[in-house]
Amino acid sequence: MIEELRKGFKGTPVAHRLCDKYGEDPDFIDDIPIRFEPLDVSAKTVNGEILLNSKLLEGEFRDDMRYLVHEFTHCLQQEHGKVDESTKDEDYLDDPNEKEAFKAQVDFMETAYTPAEIQTYLDGLMKHHDVRGKERLKK
């Protein structure tokens, strides 16, 4: 499954856009450790390693891919020194690194999901982070 994710990722426009921005080749993903394990979140990046929730193994490939895109963005950020500890106190969705990762994720989703599915995902994200009203529209 991990090899299929790597291969699928390399063929996406978002992979090429991200890699161009950071001066990397899409094959960079081959050097990143990726594994599935039980997590309390869908995915996370720890010290340049992508961890995907093992529950994703039961879902759709495109869902695994959207989380991979998000976490790959963090790997690029870490590799190129873009992780800024000063943002740790910011609201999660205001962190510039998270904004970039969510943008990449939604860019990927625009190629694999319907607009209604994307909106449902974004609504759930805002609800999960308790973002309401004008702030929700802003984010």
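Here are some worked exercises on the sheet and helices of this structure, which is a predicted model.

**Exercise 1. Work out the order of the strands in the sheet and which strands stand at the edges.**

*Solution.*
- Step 1: Begin with the pairings. Strand 1 and strand 3 run parallel and are joined by four bridges. Strand 2 pairs with strand 3 (residues 49-53) over four bridges too, in the antiparallel sense.
- Step 2: Put the pairings together. The three strands make an open sheet with the order 1-3-2, and its pairing is mixed.
- Step 3: Read off the edges. Strand 1 (34-37) and strand 2 (43-46) each have a single partner strand, so one side of each lacks a neighbour in the sheet.
- Step 4: Add the twist, which averages 25° from one strand to the next.

**Exercise 2. Find what stands opposite Arg35 and what is the bridge partner of Lys44, then look at the hairpin.**

*Solution.*
- Step 1: Start from Arg35, which stands opposite Leu51 in strand 3.
- Step 2: Now take Lys44, whose bridge partner in strand 3 is Leu51.
- Step 3: Go to the hairpin of strand 2 and strand 3, where two residues lie between the strands. Here Asn47 takes a positive phi near 50°.

**Exercise 3. Is strand 3 largely enclosed or not, and which helices pack on the sheet?**

*Solution.*
- Step 1: Count burial, taking buried as under 20% relative accessible area. Four of the five residues of strand 3 are buried, so the strand is largely enclosed by the rest of the structure.
- Step 2: Look at helix 1 (residues 2-10), which packs on the sheet and touches strand 1 and strand 3. The direction of helix 1 makes about 130° with that of strand 1.
- Step 3: Turn to helix 3 (residues 61-79), which lies across strand 1, strand 2 and strand 3. Helix 3 runs at about 20° to strand 2.

**Exercise 4. Describe the buried and exposed sides of helix 2.**

*Solution.*
- Step 1: List the buried residues of helix 2: Val14, Ala15, Leu18, Cys19 and Tyr22.
- Step 2: Look down the axis of helix 2. The buried residues fall within an arc of 130°, so they line one face of the helix.
- Step 3: Check the face turned away from that buried side, which carries the exposed residues Pro13, Asp20 and Lys21.
- Step 4: Ask what provides the cover. Helix 1, helix 3 and helix 4 are included in what covers the buried residues of helix 2.
- Step 5: Finish just past the helix, at Gly23, where phi is positive, near 70°.

**Exercise 5. Characterise the contacts that helix 4 makes with helix 2 and with helix 3.**

*Solution.*
- Step 1: Take helix 2 (residues 13-22) with helix 4. Their axes come within 9 Å and cross at roughly 150°.
- Step 2: Identify the residues. Val14, Arg17, Leu18, Lys21 and Tyr22 of helix 2 meet Glu100, Ala104, Asp107 and Phe108 of helix 4. By class, this contact has five nonpolar, no polar and four charged residues.
- Step 3: Move to helix 3 and helix 4 (residues 96-112), whose axes come within 9 Å and cross at roughly 145°. The crossing is right-handed.
- Step 4: Pick out residues again. Among them are Met65, Tyr67 and Val69 from helix 3, and Ala101, Phe102 and Met109 from helix 4. By class, the contact of helix 3 with helix 4 has nine nonpolar, six polar and four charged residues.

Note on methods
Residues numbered from 1 in each chain as written. Predicted model: local features only at pLDDT ≥ 70, side-chain atom pairs only at ≥ 80, totals over all residues. Heavy atoms only, no water. Pairing = 2+ DSSP bridges. Axes fitted to C-alpha atoms, helices over the stretch in contact; angles between N-to-C directions. Contact = heavy atoms within 4.5 Å. Left-handed = near helix turned anticlockwise from the far one by under 90°. Nonpolar A, V, L, I, M, F, W, Y, C, P; charged D, E, K, R; others polar. Buried < 20%, exposed > 50% of the residue type's maximum accessible area, 1.4 Å probe, protein only. Arc of directions from axis to C-beta.
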